[in-house]
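Me: I would like to see the reasoning behind the labels on this model. Take the terms one at a time, and set each value against its cut-off.

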Amino acid sequence: MRAFVCAFLLGLVAPQALGAAPVVHVMTIDGAIGPVAARYLSREIERAEDEGAACLVMEIDTPGGLDSSMRSMVQAILASRVPVVVYVSPAGGRCASAGVFIAMAADVVAMTPGTSIGAAHPVTIGGGEVDDDMMEKILNDSATYMRGLAEQRGRNAEWAERAVRESATATAEEALELGVIDLVVESTEELIEKLDGWDVGEARGGRLATAGGAVRRLEMGARFRLLDLLSNPNVAYILLILGFYGVFFELSNPGSILPGVAGAIFLILAFFSFQMLPINYAGVFLILLALVLFIAEVKITSGGMLTVGGTVSMFLGSLMLIESPAPFLRISFKVIVPAVLTTGVFFIFAVGAGLRAQRRKPTTGREGLIGMRGVTTTDVDGTGQALIHGELWSVEAPGRIGKGEVIEVVSMEGLRVRVRRVGPGDEPQGRD
């Protein structure tokens, strides 16, 4: 009986003594490194610290990104109280350019077979020309920064520096053999198993305890997904064009309200996106010039020359808007060409319709009566009356015209209409 009671009490106390099972937080960065990725990482590090996670695993597949965002992420990793593990995944993924710096800053780096790491040579973005001396300074700064991170984590500093200076790359197996990474694993679950007991240093809590731990996946969330979408160069460009259309239709048809409101919203979102991208403002000004030329075409008859100038300005501005050697920071031609062609064709059609309308003979108002035919309702001896277009008018004629004869309007002076008799040889165009 006594043994049973002791066992029962031990069963009550044991779970508290053992403590809660460890929890491993897992986040995913798939795409370019930018302000959104930096904010996402900072938020998840804070959450992992607050919830006492065993570690934070960052699954990453990136072609690189902005230097400022990369440095912000590196600083967040180095300052984190929770160990941060970088896992290059899935198979076929890569950790290039800015991603290599982030990997070198992590406590543990793992890769999936079939992935690659490297090619961290700095490139200038924003369309500005950089002379050789400045480029050498940028290169030396990046190489020193990379070497320092690798040495701090006990990794192959020579290879890390070559990744910057010579764009060196390595497969998962080569990186493990070179001492660039720590593990090659097939899955996140296998990674968490092998992390158990891994020494991350006293500052990070000594050895990791991940065995039997629960995995908590941290989704980016609607807010960060929206910001990530807005940071896409193609989306930013489309928003700019939509805003362009909205403003144009509002200025062309004042009082429409909806096009102006929608255009203003799209423009604000576009300029918000530009804050997260390396924008060449010469491209922005060229696109704004195109807007001015298109609006001027509606107001001024130029025979289509303003439309041609606006189309050329819009195309050049679109090419220059985001000028970067990094493909993921450029606007796709598949987006630029349809947008410019659609705009050009629309305005050519609109201008053509306007010119045809200007050449068309007026059919309403005073000018619309000239050339119309009617029938006299009284004798016209100098003056008289006639029914023209269903209305009774006072008319003048140079000679005498009898009642009931067909007349044609020659001109108008005030409310008096000058007419002439339609002779037998004239083909009548209709009677009123």
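**Labels and their grounds**

Me: I29 lies in strand β1 (residues 23-30). What makes β1 a strand?

Reply: First, the basis. This is a predicted model, in which local features need pLDDT of at least 70, side-chain atom pairs count only at pLDDT 80 or more, and totals for chains, interfaces and linings use all residues. Residues are numbered from 1 along each chain as its sequence is written, and side-chain values use heavy atoms, with hydrogens and water left out. Now the strand. Strands are DSSP runs of E with at least two residues, helices are runs of H or I with at least four, and both are numbered from the N terminus. β1 covers residues 23-30, so it meets the strand rule. The protein has 14 helices and 14 strands.

Me: Why is I29 called buried?

Reply: Its relative accessible area is 4%. Buried means under 20%, exposed over 50%, and partly exposed in between, with a 1.4 Å probe and protein chains only. I29 therefore counts as buried. Buried residues make up 43% of the 432 residues in the protein.

Me: Which residues does I29 touch, leaving out those up to four places away in sequence?

Reply: A37, Y40, M58, E59, I60, D61 and M73. A contact means heavy atoms within 4.5 Å. I29 also sits 7.4 Å from T62, C-alpha to C-alpha, though 33 residues separate the two in sequence. For the protein, 64% of contacts between residues at least 6 apart in sequence join residues at least 24 apart.

Me: What is the label for S411, which lies in strand β13 (residues 406-413), and on what value does it rest?

Reply: S411 is partly exposed, because its relative accessible area is 22%. Outside four places in sequence, S411 contacts I370, V417 and R418. G371 is 40 residues from S411 in sequence and 8.3 Å from it in space, C-alpha to C-alpha.

Me: How do you know that α3 and α4 are roughly parallel?

Reply: Two packed helices are described by the angle between their axes and the distance between the axes. Helix α3 (residues 67-79) and helix α4 (residues 98-105) cross at roughly 10°, and their axes come within 9 Å. The axes are lines fitted to C-alpha atoms over the stretch in contact, and angles run from 0 to 180 degrees between N-to-C directions. Under 35 degrees counts as roughly parallel, over 145 as roughly antiparallel, 65 to 115 as roughly perpendicular, and the rest as oblique. The pair is therefore roughly parallel. M70, M73, V74, I77 and L78 of α3 meet A98, F101, I102 and A105 of α4.

Me: How do the residues of that contact divide by class?

Reply: Into 9 nonpolar, no polar and no charged. Ala, Val, Leu, Ile, Met, Phe, Trp, Tyr, Cys and Pro count as nonpolar, Asp, Glu, Lys and Arg as charged, and the others, Gly among them, as polar.

Me: What angle lies between α2 and α9, and what label follows?

Reply: Helix α2 (residues 35-50) and helix α9 (residues 221-230) pack at about 160°, with axes 9 Å apart. That makes them roughly antiparallel. V36, R39, Y40 and R43 of α2 contact F224, L227 and D228 of α9. By class there are 4 nonpolar, no polar and 3 charged residues.

Me: Why are α12 and α13 called roughly antiparallel?

Reply: Helix α12 (residues 281-299) and helix α13 (residues 305-321) pack at about 160°, and their axes are 7 Å apart. The angle therefore makes α12 roughly antiparallel to α13. Their contact has 15 nonpolar, 8 polar and 1 charged residues.

Me: What makes S97 and S167 stand out in the backbone?

Reply: Most residues other than glycine have a negative phi, and most peptide bonds are trans. S97 has a positive phi of about 50° and is not a glycine. S97 lies in the loop between β4 and α4, and is buried because its relative accessible area is 18%. S167 has a positive phi of about 55° and is not a glycine either. S167 lies in the loop between α6 (157-165) and β7 (169-171), and is partly exposed at 34%.

Me: Where is the cis peptide bond, and what is its omega?

Reply: The bond joins S89 and P90, with omega about 0°. P90 lies in the loop between β3 (84-88) and β4 (94-96).
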